[in-house]
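Please examine the structure below with attention to how its secondary structure elements pack against one another. The explanation that follows begins with individual packing contacts and ends with the protein as a whole.

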Amino acid sequence: MEIAVWKQLAKQTDKISPKPEPFSSKSSKKKAMGEYDAALPELEGEENLIAAAKQIVRALGSKKNLTDDAKKILAELGTQLTTITSISENEVDDEGRLNVIQEKIMSWETDQSMHLDFGPNEANEYINYADEVRKLIEKLEAMCLKDDGERELLRRAHDVLQTAMARLEEEFKHMLIQNKQPFEPEHMSFRSSEDDAGSVISLGDESFEESQVRDSASRNSEEYVVDLVHPVTIPELRCIANLMFISGYGHECSQAYVSVRRDALDEFLLILEMEKLSIEDVLRLEWGSLNSKIRRWVRTMKIFVRVYLASEKCLFEQIFGDLGTVNLVSFTEASKASMLRLLNFSEAVSIGPHKPEKLFPILDMYEVLADLLPDIDSLYADEAGARVRIDCREVLRRLGDSVRAAFLEFENAISTSTSTNPIAGGGIHPLTKYVMNYLNALTGYRETLNFLLKDHDGEDAMSLSPDLNPSAEEENTREGACDGSPLALHFRSVASILECNLDDKARLYRDVSLQHIFLMNNIHYMAQKVMNSNLQSIFGDGWIRKHNWKFQQHEINYERTTWSSILSILKDEGDSNSSRTLLKERFRNFYIAFEEVYRTQTAWLIPNAHLREDLRISTSLKVIQAYRTFVGRHTNHISDKHIKYSEDDLQNYLLDLFEGSQRSLHNPHRR
């Protein structure tokens with residue numbers, strides 16, 4: 001380089017020598033050469049040569065008699081020498097600075113106990129050193145490097161940067177782990193459905209009425225965010241992430257984050273007692289255990305999506321928010337395994353046996369997932385989250401299919417329910433209680449069931465019900481019998497199936513009167529359950545009136561079957577002068593028949609007090625009136641000793657009927 005400078009300098013100085021004499025006198029020339037000679041001994045190497053050249057240019061430029069061209073040439077030469085000096089100085093500075101940075105970076109490598117979270121000064125210093133290496137690499141790569149020394153400098157810079165990035169990756173993970181905030185789901189405002197868990201129910205279980213308490217927390221819960229990592233570390237984490245990404249180590253940073261947060265998500269699910277279960281494991285579970293796990297899943301999903309994943313998404317945005325969509329990809333990678341684990345459990349539940357008792361837990365799962373679907377779509381909005389979004393919808397569809405299948409199985413179970421022995425006393429059959437309370441509990445899922453059942457042809461639903469022929473349906477609709485919704489059609493179908501089954505069960509009683517008591521009890525229970533519950537708006541007033549009429553008809557038929565033959569004994573057929581012997585026989589036959597009814601029907605049961613009292617009053621009016629008339633007509637023809645019971649006695653005895661405790665008039669055990 002120095003040879004070229006001197007050649008150029010010689011050439012230029014030769015050009016600028018004025019004619020005839022470059023110096024005005026011999027003394028001035030001698031003075032200039034003296035300055036030149038004095039400068040030469042001090043110049044050594046390239047830097048000294050450049051400095052000497054600059055001094056000569058300054059000396060020549062100080063002359064007053066230079067032409068304009070000479071001045072221009074000297075100015076250009078001075079600029080060239082300044083540029084060469086700057087480049088040389090930078091080369092020295094880059095290498096020296098790299099040496100300093102490398103020493104600092106390597107000092108951290110030898111002391112692995114040092115961490116960036118010891119204090120902001122240490123963190124900033126290390127990050128600044130790493131950033132300087134990055135900038136140096138950018139600078140060197142922008143230059144056209146021809147010298148081996150320069151290439152070696154670039155290689156060394158890359159090595160130092162790689163070492164720094166590896167350490168920053170470890171520090172990134174260390175800070176995430178050490179500054180993790182405790183998450184306590186028991187303090188969340190979500191009510192645990194397990195707290196409301198009732199007994200395991202099955203077809204015919206009359207305790208169903210109090211066993212199903214709907215967990216509606218999912219409708220009222222609100223999304224909110226908690227700090228999963230201590231807020232004070234967020235700026236440093238964001239700074240490291242930004243530096244690693246602009247340094248070309250974004251993938252390593254993302255993977256570090258994903259590995260730490262994926263473990264945190266797994267740990268959170270363990271806290272919520274959501275163990276990893278394969279589909280085969282779920283299918284092998286007993287119903288009691290499965291029901292408990294379903295309730296736990298319902299609670300977990302609400303907290304996991306609305307609180308934990310929302311907080312996780314916020315954490316990603318705080319750290320990676322300056323880097324565009326990379327945060328979405330990292331978030332998806334960190335959380336999708338846990339999300340798919342929860343979805344796999346619900347999928348396993350959906351493909352299991354579709355027993356009626358599974359309908360409510362599956363409905364809870366369906367509603368929770370449907371309710372969370374907008375949240376899930378928002379959390380996994382990017383292309384990387386497409387699988388989660390698709391799987392959620394597929395699982396939701398399968399849960400919907402399971403709901404329909406379980407409901408149809410419920411209808412089928414009612415129609416095929418058989419009994420070999422009748423219910424003692426003709427009371428309310430457990431199946432009646434189970435079905436009506438089951439339907440009432442389903443009203444809490446009215447909107448969901450209407451949506452899921454609407455795909456089924458209404459004709460198919462009506463065909464299940466013998467009472468619902470088209471003309472009858474039109475009449476019922478005019479009377480406001482039902483709202484015409486899919487749910488109403490299916491509920492009416494279920495009620496009709498139940499009535500058919502009750503007719504079959506009534507035939508198990510040999511006593512026709514008891515058959516009517518049984519049907520009266522059960523139809524009255526159905527009508528009252530509908531009238532006094534949320535079922536009223538579904539079945540409608542027309543259905544209630546029809547079934548009130550039905551149980552009243554059974555009440556009338558009971559009186560006719562039981563008392564018509566007995567009261568016929570007291571009926572005079574125009575012969576008021578019957579012989580005393582015949583009168584005695586008629587009194588005796590009446591008392592025998594009455595005592596038999598008393599003995600038998602005190603064991604019969606009418607659970608509803610109002611219905612029981614109504615039937616007693618109706619029966620008493622007929623029996624007492626007929627007895628009073630008969631006794632009054634023949635009181636002069638027969639002695640009092642043949643009149644075994646007074647009117648008051650009979651009326652009191654009639655009050656003992658339908659209590660479910662058998663008695664005898666020979667030993668009535670009066671209350």
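**Helix packing and overall architecture**

In this predicted model, helix 23 (residues 580–601) packs with helix 25 (residues 647–654) at an angle of about 25°, and their axes are 11 Å apart. Because angles under 35 degrees count as roughly parallel, helix 23 and helix 25 are roughly parallel to each other. Their crossing is left-handed.

Which residues bring helix 23 and helix 25 together? On the side of helix 23 they are Phe590, Phe594 and Tyr598, which meet Leu650, Tyr653 and Leu654 in helix 25. By residue class, this contact comprises six nonpolar residues, with no polar and no charged ones.

A second helix pair may be read in the same manner. The axes of helix 6 (residues 148–178) and helix 9 (residues 250–271) come within 9 Å of each other and cross at roughly 25°. That angle makes helix 6 roughly parallel to helix 9. The crossing of helix 6 and helix 9 is right-handed, whereas that of helix 23 and helix 25 is left-handed.

Helix 6 contributes Glu169, Phe172, Lys173, Leu176 and Ile177 to the contact, while helix 9 contributes Glu252, Cys253, Ala256, Tyr257, Ser259 and Val260. The residues of this contact divide into seven nonpolar, one polar and three charged. Charged residues are thus represented in the contact of helix 6 with helix 9, but the contact of helix 23 with helix 25 has none.

Helix 9 also holds Ile271. Is Ile271 buried, partly exposed or exposed? Its relative accessibility is 43%, and because partly exposed covers the range between 20% and 50%, Ile271 counts as partly exposed. Ile271 also illustrates a pairing of residues that are separated in sequence: Glu184 lies 87 residues away along the chain, yet the C-alpha atoms of Ile271 and Glu184 are separated by 8.6 Å.

These local descriptions can now be placed within the whole protein. Its secondary structure comes to 25 helices and zero strands. Of the contacts in the protein with a separation of 6 or more, 82% are accounted for by residues 24 or more positions apart. Buried residues make up 47% of the 671 residues. The protein exposes about 33,000 Å², and carbon and sulfur atoms supply 50% of that area.

Definitions and conventions
Residues numbered from 1 in each chain as written. Predicted model: local features only at pLDDT ≥ 70, side-chain atom pairs only at ≥ 80, totals over all residues. Heavy atoms only, no water. Axes fitted to C-alpha atoms, helices over the stretch in contact; angles between N-to-C directions. Helix = DSSP H or I, 4+ residues; strand = E, 2+ residues; numbered from the N terminus. Parallel < 35°, antiparallel > 145°, perpendicular 65-115°, else oblique. Left-handed = near helix turned anticlockwise from the far one by under 90°. Contact = heavy atoms within 4.5 Å. Nonpolar A, V, L, I, M, F, W, Y, C, P; charged D, E, K, R; others polar. Buried < 20%, exposed > 50% of the residue type's maximum accessible area, 1.4 Å probe, protein only. Areas by Shrake-Rupley, 256 points an atom, 1.4 Å probe, with all protein chains shown as cover.
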